[in-house]
Amino acid sequence: MLTCPECDPHLTGTSTSRVWVSPAPHLLETNEAPLPEEAASIGQCLPDVEDEIRTMESQISRVQSRLLMLQLKHEELKSFAHKHRGVLSPVRRLFPELLSEIFSWCPRGGPVQHNIVKTPDSFDPLHGPLLLAQICHSWRAVALTTPNLWTTIRIVLRPQSKHRIELLELFLSRSRDCDLTIGVTKDPKVSDLASFPLPELFILAQESHRWRVAIFYLPPYRMYWDPLIEAKGKTERLQHLGIYYSRGGSQDQVLAAFENSPQLASLGLSSHVSIGNLRFNRSTITHFRYEKVDSLMPFAPLEQCLEVLQSLPNLEHCVLDCIIYGPSPIGDIVMNRLKHLDIKLEFEPGSDENQASALWKALQLPNLSFLQVESHSPALFFGHIPFSHFVGRCRKLKELGIVLISAQAEQLLAILQSAVTIKSLALGLSKETFLPVLSSMSNPKGQSERLLPTLKTVRVYPVPMSTEYIPPIEFLAAFVQMAQERMTQVNSKGSKTSLLETGSLQYPLGVEAAAEAVKTSLSLMELKNPFPAQLYCLKRSPSGSLIRIQRS
């Protein structure tokens, strides 16, 4: 018998409870009618059974009531323990100055999906300073007295919102006199703001003396840019400026608001903005980006890109999205300070097929250490031989990336043959070039020396990168074989010397499919443990998986 001292001393349903036996068990699974004596027996036992049912229901109700009370008490005790454990938390003993330093390393807002204005969503109440100010009274006090926490401001222009204006003024007030990082763009869901005032731009312009980073992605209309005239002559702290037209624009438009920026070192422009239209001290610019901001906009004409290279003598880092329309003279371009060049080069149908060759011959970049080149145009226009000579002239080149969709294997190998100094290679290979290039990198035929003798890291990915094109198992086996060969090298004395440290292959499917492909490729090579390395797959969204071979 079950006994409960608080609910009821005796609970039925235990091992001592009566076991009811059916007076007519043979009728339970049939449709037959009971005999008169069987019906009488059933009628006699049912009242007793129903009485016991009511008794048990009453006891169940009391037990459930007690269980509810215990659950409430349990949650109360858990809450009590949680709150008192919090009292003992080491964070309570942090000095406000240390907590302020920790806050300064927190994200400045929520994540955003934008190719150009990547400034965090500072007005997101679930991220950044607005979140920290909601945790507790002491954290709020520290957050409010940490000006650097409020210096990132992202504005998305929409029909006027009083709440958004209040947040903007709140951030400007709490950031005090600290340098500001601002990003301004228009809501793409709003087609026209011509009938709405844009006080945010006027408010930001009044604080232009504090701008350190300013990125604008706006239509090329006066209603958006005229309010920024207030900033003219006040941007003495500005170090990075991005000007991007979202719909194209007139190249003779002069953005005088950014004149007299003595600290300006980094500049980003969309293809519709000519550097000749911006008046500032160009000798301070060390970083430049000419970017195709969306799929509908063209690349910057080669003439504009050449103007950048010729007018920024102290350039160190350059990104160019460039298109060649027709023939134009190209003089020698000597840039002793340039170390990083990332160029996407496309060709207008009917353009001069020798123009790219002239570009590679003109470039003199003796201190270049990083080069990334991408082209989706026919191989005829690219000028592979002059480009390979250009790569050979860059004697300090350490990192090389090549994505030439239409190139043949022989053309790619000629480039790699010239890249004798690189330590890191990123290589996009089509289904026609995958096997011959990797095979030559593994065991080149007819060559006395191995390609890329100083190579430490290689990353290979099929082009186009799409789930519609899955590399065959033979391609994956060729990649593993190449890594095996390059991770052990036989020198002239016959001893093995490590060379390649990491090999990576981008795979367009998920981890499970990539792991199965690796297993199949090793089986194809009849190798279970091919070399002293760790072989594993890493999920890499959104492109699938990264199959990586890391030397142990």
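**Close-up views of a predicted protein chain**

The protein chain has an accessible surface of about 28,900 Å², of which 55% belongs to carbon and sulfur atoms (areas come from the Shrake-Rupley method with a 1.4 Å probe, and for residues only the protein chains shown count as cover). This is a predicted model, in which local features need pLDDT of at least 70 and side-chain atom pairs count only at pLDDT 80 or more, while totals for chains, interfaces and linings use all residues. Residues are numbered from 1 along each chain as its sequence is written, and side-chain values use heavy atoms, with hydrogens and water left out.

**View 1. The whole chain, to get your bearings.** You will find 14 helices and 22 strands in the protein chain (DSSP runs numbered from the N terminus: helices are H or I with at least four residues, strands are E with at least two). Of its 552 residues, 46% count as buried (under 20% relative accessible area with a 1.4 Å probe, protein chains only; over 50% is exposed, and in between is partly exposed). Among contacts between residues at least 6 apart in sequence, 69% join residues at least 24 apart (a contact means heavy atoms within 4.5 Å).

**View 2. The largest nonpolar core.** A nonpolar core is a set of buried Ala, Val, Leu, Ile, Met, Phe, Trp, Tyr and Cys residues joined through side-chain atoms within 4.5 Å. This one has 125 residues, and Trp-211, Phe-216, Phe-288 and Met-441 touch the most other members. Helix 13 (residues 473-487) gives the most to this core, with 8 residues. Another core, of 8 residues, lies apart from it and includes Val-117, Tyr-217, Tyr-244 and Met-297.

**View 3. Trp-211 and its surroundings.** Beyond its neighbours within four places in sequence, Trp-211 has contacts that include Leu-180, Ile-182, Phe-216, Arg-237 and Phe-258. Ring pairs also link Trp-211, Phe-216, Trp-225, Tyr-245 and Phe-258 into a cluster (rings of Phe, Tyr and Trp, using the six-membered ring of Trp, pair if their centres lie within 6.5 Å; planes under 30 degrees apart count as stacked, over 60 as edge-to-face and the rest as tilted).

**View 4. Helix 13 up close.** Of the 15 residues of helix 13, 11 are buried, so the helix is largely enclosed by the rest of the structure. Among the buried ones are Phe-475, Phe-479, Met-482 and Arg-486. The end C-alpha atoms of helix 13 are 21 Å apart, in agreement with the expected span of 21 Å (1.5 Å times one less than the number of residues).

**View 5. Ser-442, a buried serine.** Look for Ser-442 in helix 12 (residues 434-442). Ser-442 counts as buried because its relative accessibility is 8%. Leaving out residues up to four places away in sequence, Ser-442 touches Arg-450, Gln-481, Met-482 and Glu-485.

**View 6. Two tilted ring pairs.** The whole structure holds 14 aromatic pairs. Trp-360 and Phe-382 form a tilted pair, because their ring centres are 5.5 Å apart and their planes meet at 50°. Trp-360 belongs to helix 9 (residues 355-362), while Phe-382 is in the loop between strand 14 (370-375) and helix 10 (384-393). Trp-360 is buried, at 0% relative accessible area, and Phe-382 is buried at 2%. Phe-387 and Phe-390 make another tilted pair, 6.1 Å centre to centre with 45° between the planes. These two lie 3 residues apart in helix 10, so about one helical turn separates Phe-387 from Phe-390.
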